[in-house]
Amino acid sequence: MPAGLRKTCQLVSLKSVIAVDASTNIRTGKLSLSMASLKINSIPSFPLLRERQSALHQGRVLHARQIHRRRSCIAAALPEADANNINLVYGGLGLAAASFVGTFFIAPRLLGEKNADWNKEILPALRSASFRSITPEAACSRAKKRQAVLIDVRLPAKFDEIRAKSSMNVPLYIPIQNWDAASIIRRAGFASFGVYGTELNPNFVEEVKEESKGRELMVICESGGSIEAKAGNDKGFQSRSLKAIYYLLQGGVSSNKISHVSGGLSRWTREDLPIASGEGEDEDDDDRSGLQKLGLPSFFGLGR
């Protein structure tokens, strides 16, 4: 029997078996055609199924090629400027690092400036000293009664902008004075960080002694800082006032005559204590508080 005729007979017999089996199951109330009854294993592969599988395979291959082509196009379409931008970023970081090293390490050595290290020198010396820490309210009262001298160690520009009443300015750091090579390096380094260039005031201790005339000192800055060890930070918080106290102690001022204003000028203004601004000495009869000096109204007794 020819092969084509044999396949046709097999298909006809299969249809007959399926029809008989289905009609039997319908009469008995069972409509389940099992794979065994269909005898799929004995059926030759159909050309339509084979074509469908081939089409699916070709579609997957085509999709993968399209994805690869798109990725290649995207990579090729990236502008060459991106590489230049990356080089600029790394160049900027390198320049910033060089400016930092030159400003805070190389230039001070060339200038002979002796800045004490906070962790190795300042903090241990302050923790072993016996100076007091007082509140802004207590400092204000003592300054008003002239029992002690309130020394503001911030920059003169900051002092003229706003200050605690009855305080005097002896800056710990001053603007860079010279124009030699080391000073120019420091100026450029500070400018690259957008910071005003300063250096340690070499006459700080002598100026404080001259202004205080042997009276007790109360040192204040912007934030106050702290030498106390706290959870997650055992190095305290460095500030200009604490550094100033260190240099005063090193300059021979007794720790019994030094007090640190806790919280600095920030806490002073928050507690609405008297402030002043502008150049010149503070007037003794001006007892206006911080809120009134700033032109703010008084509520619930504030700004008295």
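**Strand pairing, charged pairs and helix packing in a predicted model**

Strand 2 and strand 7 pair in the parallel sense over five bridges, where two strands are said to pair if DSSP finds at least two bridges between them, and where helices (H or I, at least four residues) and strands (E, at least two) are DSSP runs numbered from the N terminus. The structure described here is a predicted model, in which local features need pLDDT of at least 70 and side-chain atom pairs count only at pLDDT 80 or more, whereas totals for chains, interfaces and linings use all residues. Residues are numbered from 1 along each chain as its sequence is written, and side-chain values use heavy atoms, with hydrogens and water left out.

Within the pairing of strand 2 with strand 7, Leu150 has Met218 of strand 7 as its bridge partner. Strand 2 also runs parallel to strand 4 (residues 167-169), to which it is joined by three bridges, and here Ile151 is partnered by Met168 of strand 4. Burial was assigned from relative accessible area (buried under 20%, exposed over 50%, partly exposed in between, with a 1.4 Å probe and protein chains only). By this criterion five of the five residues of strand 2 are buried, so the strand is largely enclosed by the rest of the structure. Both of its faces are covered, with Ala148, Leu150 and Asp152 buried on one side and Val149 and Ile151 buried on the other.

Charged side chains were examined next. Side chains of opposite charge can pair when their charged atoms come close. A salt bridge was taken as a side-chain nitrogen of Lys or Arg within 4 Å of a carboxyl oxygen of Asp or Glu, and by this rule the count comes to five salt bridges. One of them joins the side chains of Glu216 and Arg132, with an N to O distance of 2.6 Å; this pair links distant parts of the chain, since Glu216 is in strand 7 (residues 216-220) and Arg132 in strand 1 (residues 132-134), 84 residues apart. Glu216 forms a salt bridge with Arg142 as well, the closest N and O atoms being 2.6 Å apart. Because Glu216 lies in strand 7 and Arg142 in helix 6 (residues 136-144), this pair ties together parts that are 74 residues apart in sequence. Arg132, Arg142 and Glu216 are thus linked in a network of salt bridges.

The members of this network differ in their exposure: Glu216 is buried at a relative accessible area of 14%, whereas Arg132 is partly exposed at 42% and Arg142 is partly exposed at 22%. A polar contact (a pair of N or O atoms within 3.5 Å, of which, within protein, one must be able to donate a hydrogen and the other to accept it, residues adjacent in sequence counting only if both atoms are side-chain atoms) of 3.0 Å further joins the side chains of Glu216 and Ser259. When contact is taken as heavy atoms within 4.5 Å, and residues up to four places away in sequence are not counted, the residues touched by Glu216 include Gln147, Ala148, Val149 and Lys257.

A further salt bridge is formed between the side chains of Asp152 and Arg154, at 3.0 Å from N to O, and both of these residues are buried. Arg154 is placed in the loop between strand 2 (148-152) and helix 7 (156-161), and its relative accessibility is 4%. The side chain of Arg154 is also joined to that of Glu222 by a polar contact of 3.0 Å. Among the other residues that Arg154 touches, leaving aside those up to four places away in sequence, are Phe159, Asn169, Cys221 and Leu265.

In helix 5 (residues 118-128), Trp118, Ile122, Leu123 and Leu126 are buried. Seen down the helix axis, the buried residues of helix 5 fall within an arc of 85°, so they line one face of the helix, the arc being that of the directions from the helix axis to the C-beta atoms. These buried residues pack against helix 10 (240-250), while Lys120 and Ser128, on the other side of helix 5, are exposed. The N-terminal end of helix 5 is capped by Asp117, a side-chain oxygen of which lies 3.1 Å from the backbone nitrogen of Asn119.

The structure holds one aromatic pair, with rings of Phe, Tyr and Trp (its six-membered ring) pairing if their centres lie within 6.5 Å, and with planes under 30 degrees apart counted as stacked, over 60 as edge-to-face and the rest as tilted. The pair is formed by Tyr246 and Tyr247 and is edge-to-face, at 5.3 Å centre to centre and 70° between the planes. Tyr246 and Tyr247 are both buried.
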